[in-house]
Amino acid sequence: MVPRLDAALIDARDPATMDALRHAVEKVGFLTVHNTAILRADIARVIEAYRAFFHLPDAEKRAVDMAQTGANRGWGAQGAEQVDPAANPDYKQVFDSGFALKADDPLRAQNLSVYGDNLWPDVPGFRDVIEGYYAKALTVAMGLLRAIAAAIGEDEDHFDAAFTRPMALLRGNYYPPRPDWAAEKDFGIAAHTDYGCLTLLASDGVAGLEVLSADGSWSKVNAPIGDFVINFGEMLEMWTAGRVKATLHRVIGTAEERISVPLFFNPNHDTNVAPPGAGRVILAGDHMKKRFDETYLHLKKAARD
């Protein structure tokens with residue numbers, strides 16, 4: 001069962017709430033939280049901004065098409081990603097934006113795709129809404145990560161130094177009504193674990209997310225507007241030597257369109273995320289690039305060409 005926790009009680013380190021958080025982190029891999037510093041109105045505003053963008057004609061969205069720019073920022077058309085090679089490409093659309101490096105940042109010289117420049121459509125107010133929400137979401141995600149560090153027995157600031165230039169990607173997901181042609185290998189997003197550390201997911205309240213339970217069944221997880229679904233990625237599972245659980249999840253789709261807004265909160269590029277004591281180095285940026293190259297179809301094609 002996915003627990004629903006009060007963010008204010010998490011911040012206060014309420015003992016019962018921290019016990020529930022520890023169980024969710026170690027055994028479930030998912031939880032939902034409410035009463036965060038992000039208001040329901042903030043979530044509604046960002047969802048409607050993405051909805052307006054996704055409802056534009058494809059010809060207008062193509063101006064920020066990541067397949068045309070070769071980046072992992074901007075619009076991803078339907079079928080642009082394939083998270084499960086055994087399934088068909090996902091029929092959702094996405095819009096990605098992320099951490100903006102300063103013009104004189106030395107990382108720019110390394111041309112790291114995980115820090116690509118953001119692409120913004122010519123839509124009045126869109127950028128302001130997305131960037132405003134992104135800033136708030138970063139703060140909430142960092143607060144949750146500090147609580148998770150405490151829950152697994154580390155100092156609260158255990159992860160802080162790794163998030164000064166986070167590879168934090170904000171995504172708008174657009175799941176259209178499940179198409180008439182969809183068959184058993186067609187998904188809004190096929191079964192996968194997230195690639196990074198912590199995901200802070202808001203949605204428009206339309207059901208769709210399913211999580212693989214310990215008994216092998218798929219359980220629906222939903223949160224009303226104002227609540228967040230929290231889950232953990234394979235990087236954090238590896239980085240904590242399995243103390244944090246990454247859980248498979250998917251979206252099949254329904255007769256209703258659905259908008260979800262995940263913040264994928266990932267550490268600095270040069271963070272070593274190998275298990276403690278492993279005696280090897282796995283850079284967070286290398287891990288993310290590998291997984292992006294396996295997922296985005298335009299990056300797969302570039303690797304072949």
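**Burial, helices and sheet in a predicted model**

User: Does Val206 count as buried or exposed?
Analyst: Val206 has a relative accessibility of 14%. Buried means under 20% relative accessible area, exposed over 50% and partly exposed in between (1.4 Å probe, protein chains only). Val206 therefore counts as buried.

User: Good to know! What kind of model is this?
Analyst: Residues are numbered from 1 along each chain as its sequence is written, and side-chain values use heavy atoms, leaving out hydrogens and water. Local features need pLDDT of at least 70, side-chain atom pairs count only at pLDDT 80 or more, and totals for chains, interfaces and linings use all residues, since the model is predicted.

User: Which residues beyond its sequence neighbours is Val206 in contact with?
Analyst: Val206 is in the loop between β7 (198–203) and β8 (209–212), where helices (H or I, at least four residues) and strands (E, at least two) are DSSP runs numbered from the N terminus. Taking contact as heavy atoms within 4.5 Å and skipping neighbours within four places in sequence, the partners of Val206 are Asn222, Glu256, Glu257 and Arg258.

User: How far apart are the end C-alpha atoms of helix α6?
Analyst: The expected span is 1.5 Å times one less than the number of residues. Helix α6 covers residues 126–151, so its 26 residues should span 38 Å. The model agrees with this, as the end C-alpha atoms are separated by 37 Å.

User: Which element gives the largest share of the largest nonpolar core?
Analyst: Such a core joins buried Ala, Val, Leu, Ile, Met, Phe, Trp, Tyr and Cys residues through side-chain atoms within 4.5 Å. The largest one has 93 residues, and Tyr133 is among those with the most contacts inside it. Its largest share, 15 residues, comes from α6.

User: Which are the edge strands of the open sheet?
Analyst: Strands pair if DSSP finds at least two bridges between them. The open sheet has 8 strands in the order β1-β2-β10-β7-β12-β5-β4-β3, with mixed pairing. Each edge strand pairs on one side only, and these are β1 (4–6) and β3 (74–76).

User: At what angle does α6 run to β12?
Analyst: Angles run from 0 to 180 degrees between N-to-C directions of lines fitted to C-alpha atoms, for helices over the stretch in contact. Helix α6 lies across β2 (30–34), β4, β5, β7, β10 and β12. To β12, α6 runs at about 55 degrees.

User: What phi does Arg13 have?
Analyst: Arg13 is in the loop between α1 (7–11) and α2 (15–28). With a relative accessible area of 23%, Arg13 is partly exposed. Although not a glycine, Arg13 has a positive phi of about 55 degrees.
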